[in-house]
Amino acid sequence: MAGQSIWVFAQQRNGIMARTAYELLAVARQLLEPDSGAITAVLFGHGVGGSAAELTSRGADRALVADDPSLAHFVDDQYADLLRQWISNERPDILLGSASLYGRALFSRLAAILDRGLVADAGSLSLHEGRLRVIKATYGGKAFTEYEFSETKPWLVTLRPKSHEEARPGSSRGSVEMRAVDGLGPAQLRVVAAETVAAGTVSLTEADIIVSGGRGLRGPENYHLVEDLARVLGAAAGASRAIVDAGWVPYDQQVGQTGKTVNPKLYIACGISGAIQHLVGMQSARVIVAINKDPDAPILQIASYGIVGDVFAYLPEITRVFKEKLGA
Ligand SMILES: Cc1cc2nc3c(=O)[nH]c(=O)nc-3n(C[C@H](O)[C@H](O)[C@H](O)COP(=O)(O)OP(=O)(O)OC[C@H]3O[C@@H](n4cnc5c(N)ncnc54)[C@H](O)[C@@H]3O)c2cc1C
């Protein structure tokens, strides 16, 4: 794609770069023909200047950084307003973001402000005769839809996290530009408190392995069985909505249509029936293991490996064996 300009919105939290930023850089690089066009990584936050070099070392030709106390927390309208200003000045052709919680909020707002089309939660991107085509799963993963953008730019796309390999670090070729934050109106939202997930906890959307529990665990006192295996495997612990609604675990652990969309290498579902609303959030996992005592449970129809049996018999035993093998 000769001469095109691709911007990647690099998301960070508390100064820690989301790994999806590196996936977006890899996707951007694949779209460009060798030695043509340019990739710009955009980074907003406070005290984040040091992270910009990581973006240039992973393929950004330049990093544009806004480092300001007003940007310390993600606030939809402030971030969107600043990004709109920069886009209006420099007119990139393509804008890529992650279909994370923040990315979804930011890009839909931006699309509305700019009056441009957005393909959200995309799986893959390619160029055909200078037009961007995007494929995304629809109808809960039962079908794939292909979109082609019209001529009006910029083209906005959010990509499903963990759907691509990350760009690897190399020698940094790019420049880092620190920019002043001017002309931002007052925010309509104010972050009153931000709760940090306990150190060492693996984030669901970034995890390679997820162990999830459902109502088959019978009560909150048994959810530790899921956490025990997750700890041994260095995995994230997830949940079905049934047990979130019942108050066993917090909402940020919910996987599914109204929770998080995850894309791990391995998903272990324990006592989860596999309702369609759960499946849409996890069925793109590369390997799915399900433990369920009902041989007709829908989860067993999509599982790579199904264990028809009692979760209370199998789960502690699986944890014990992995603990032994991994020395964890
Ligand atoms: C608009 C809407 C949005 C929704 N969004 C979501 C969402 O984001 N995420 C989500 O998960 N759900 C969502 N749901 C709810 C969804 O429809 C299901 O109700 C929910 O996923 C069921 O959770 P579960 O599998 O834990 O429970 P259940 O459906 O009750 O399944 C429990 C399973 O455990 C098995 N079991 C029981 N005892 C044992 C045992 N001892 N050993 C092994 N297996 C055992 C049973 O055979 C059963 O299959 C949504 C629903 C609606 C209407």
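Helix 3 and helix 4 are oblique to each other, a label for angles outside three other ranges: under 35 degrees is roughly parallel, over 145 roughly antiparallel and 65 to 115 roughly perpendicular. Helix 3 covers residues 76-90 and helix 4 residues 101-114, and the two pack at an angle of about 50° with their axes 9 Å apart. Axes here are lines fitted to C-alpha atoms, for helices over the stretch in contact, and angles run from 0 to 180 degrees between N-to-C directions. The model is a predicted one, where local features need pLDDT of at least 70 and side-chain atom pairs count only at pLDDT 80 or more, while totals for chains, interfaces and linings use all residues. Residues are numbered from 1 along each chain as its sequence is written, and side-chain values use heavy atoms, with hydrogens and water left out. Helices (H or I, at least four residues) and strands (E, at least two) are DSSP runs, numbered from the N terminus.

Helix 3 passes helix 4 in a right-handed crossing; a crossing gets that name if the near helix is turned clockwise from the far one by less than a right angle, and is left-handed if anticlockwise. On the helix 3 side, Asp-76, Asp-77, Tyr-79, Ala-80, Leu-83, Arg-84 and Ile-87 make the contact, meeting Ala-105, Leu-106, Arg-109, Leu-110, Ile-113 and Leu-114 of helix 4. Contact means heavy atoms within 4.5 Å. Sorted by class, this contact has 9 nonpolar, no polar and 4 charged residues. Ala, Val, Leu, Ile, Met, Phe, Trp, Tyr, Cys and Pro count as nonpolar, Asp, Glu, Lys and Arg as charged, and the others, Gly among them, as polar.

Next comes another helix pair. Helix 5 (residues 224-233) packs with helix 9 at an angle of about 20°, their axes 9 Å apart, so helix 5 and helix 9 are roughly parallel to each other. Their crossing is left-handed. Here Leu-225, Val-226, Asp-228, Leu-229, Val-232 and Leu-233 of helix 5 touch a set of helix 9 residues including Phe-312, Leu-315, Phe-322 and Leu-326. The mix in this contact is 11 nonpolar, 1 polar and 2 charged residues.

Then there is the empty space. On a 1 Å grid over the protein atoms alone, a cavity is a set of points where a 1.4 Å probe fits but cannot get out, and a pocket is an open set with protein on both sides within 12 Å along at least five of seven lines; lining residues have an atom within 4 Å of a point. Grid points are joined across faces, edges and corners, and a volume is the space filled by probe spheres set on the points. The count comes to 2 cavities of 30 Å³ or more. The largest cavity has a volume of about 50 Å³, and Tyr-79 turns up again in its lining, along with Phe-9, Ala-10, Gln-11, Gln-12, Phe-44, Phe-74 and Tyr-102. The second largest cavity holds about 40 Å³, and helix 1 (residues 20-31) gives the largest share of its lining, 4 residues.

The second largest pocket has a volume of about 470 Å³. It is lined by 26 residues, and the closest to its centre are Gly-214, Arg-215, Gly-271, Ile-272 and Ser-273.

Two backbone details round things off. A cis peptide bond, with omega about 5°, joins Lys-153 and Pro-154, and Asn-14 has a positive phi of about 50° although it is not a glycine.
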